[in-house]
Amino acid sequence: MPIINKLIEIETEPKINIYNITPKIQDFLASTSIKNGQILVFSRHTTTALAINENKVRLLENIKMFLQKLAPESDRYLHNDLHLRDVPEDEPINAHSHLMAMMLTTSEIIPIVDGKLALGTWQSVLFFELDGPRKRTVFVQISGE
């Protein structure tokens, strides 16, 4: 059974942003001969995440507001005491971003059926930037036949 890997690169905007990466994943799948199997999508950063949900502007705004309520940037966090940690000079104050990421997930597995992602009608693969702007990568692995 072949296994094919790819990195998807994303240049993100400041703060919390959500990106629909479904078209990039579909394009990668279309470039292969895999007709049935599965695709793993994995976020490679501790202040990013993934989810499968609707890609609707108003819902995405609701999700951002919900995450900000869970871990407000203005709260006091031990992780932000940079003077007590051995960190690079450009270390961001981002404990809230790490906590938000923990409320989501780092990976999704999607079935492939007849050469297509077996997503539901309204489902999209969403990439969450929680500490932008940054250059990010998402690891995608297709396996099947």
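# Questions on a predicted model

User: Is F127 buried or exposed?
Analyst: The relative accessibility of F127 is 0%. Buried means under 20%. This is a predicted model. In it, F127 therefore counts as buried.

User: How many aromatic pairs does a search of the whole structure find, and which residues form them?
Analyst: The search covers the whole structure and finds one aromatic pair. Its ring centres are 6.5 Å apart, with 45 degrees between the planes, and it counts as tilted. The residues are Y19 and F127.

User: How many residues apart in the chain are Y19 and F127?
Analyst: Y19 sits in strand β2. F127 sits in strand β7. The pair links distant parts of the chain, and the separation is 108 residues.

User: Which elements give two or more residues to the lining of the largest pocket?
Analyst: The lining includes K15 and I16, along with H96, S97 and M100. L130, D131 and G132 are also among the lining residues. The elements are β2 (15-20), α3 (95-103) and β7 (124-132).

User: How much space lies in the largest pocket, and which class gives five residues to its lining?
Analyst: The largest pocket holds about 160 Å³ of space. Its lining has four polar residues and three charged ones. The class with five residues is nonpolar.

User: Which elements do the buried residues of α3 pack against?
Analyst: The buried residues in α3 are A95, H96, S97, M100 and A101. Of these, H96, S97 and M100 also line the largest pocket. The packing partners are β2, β4 (48-53), α2 and β7.

User: Is L60 buried or exposed, and what is its relative accessibility?
Analyst: L60 is found in helix α2. Leaving aside neighbours within four places in sequence, L60 contacts I18, E54, N55 and L126. L60 counts as buried because its relative accessibility is 10%.

User: How far apart in space are L60 and L126?
Analyst: In sequence, L60 and L126 are 66 residues apart. The two are nevertheless in contact. C-alpha to C-alpha, the distance is 9.7 Å.

User: Which residue forms a salt bridge with E61?
Analyst: The partner lies three residues from E61 in helix α2 (residues 57-70), about one turn of the helix. The closest N and O atoms are 3.2 Å apart. The partner is K64.

User: Of E61 and K64, which counts as buried?
Analyst: The relative accessibility of E61 is 39%, so E61 counts as partly exposed. For K64 the value is 15%. Buried means under 20%. The buried one is therefore K64.

User: How many salt bridges are there in total?
Analyst: Side chains of opposite charge can pair when their charged atoms come close. E91 and R85 pair at 3.3 Å. R136 and E129 meet at 2.7 Å, N to O, and both are buried. The full count of salt bridges is six.

User: Is R85 buried, partly exposed or exposed?
Analyst: R85 forms a salt bridge with E91. The relative accessible area of R85 is 28%. Buried means under 20% and exposed over 50%. R85 is therefore partly exposed.

User: What is the relative accessible area of I4?
Analyst: I4 lies in strand β1 (residues 3-11). Its contacts beyond four places in sequence include F28, T32 and V140. I4 is partly exposed because its relative accessible area is 27%.

User: How far apart in space are I4 and K64?
Analyst: In sequence, I4 and K64 are 60 residues apart. I4 is in strand β1, while K64 is in helix α2. C-alpha to C-alpha, the distance is 33 Å.

Definitions and conventions. Residues are numbered from 1 along each chain as its sequence is written. This is a predicted model: local features need pLDDT of at least 70, side-chain atom pairs count only at pLDDT 80 or more; totals for chains, interfaces and linings use all residues. Side-chain values use heavy atoms; hydrogens and water are left out. On a 1 Å grid over the protein atoms alone, a cavity is a set of points where a 1.4 Å probe fits but cannot get out, and a pocket is an open set with protein on both sides within 12 Å along at least five of seven lines; lining residues have an atom within 4 Å of a point. Grid points are joined across faces, edges and corners, and a volume is the space filled by probe spheres set on the points. Helices (H or I, at least four residues) and strands (E, at least two) are DSSP runs, numbered from the N terminus. Ala, Val, Leu, Ile, Met, Phe, Trp, Tyr, Cys and Pro count as nonpolar, Asp, Glu, Lys and Arg as charged, and the others, Gly among them, as polar. A salt bridge is a side-chain nitrogen of Lys or Arg within 4 Å of a carboxyl oxygen of Asp or Glu. Buried means under 20% relative accessible area, exposed over 50%, partly exposed in between (1.4 Å probe, protein chains only). Contact means heavy atoms within 4.5 Å. Rings of Phe, Tyr and Trp (its six-membered ring) pair if their centres lie within 6.5 Å; planes under 30 degrees apart count as stacked, over 60 as edge-to-face and the rest as tilted.
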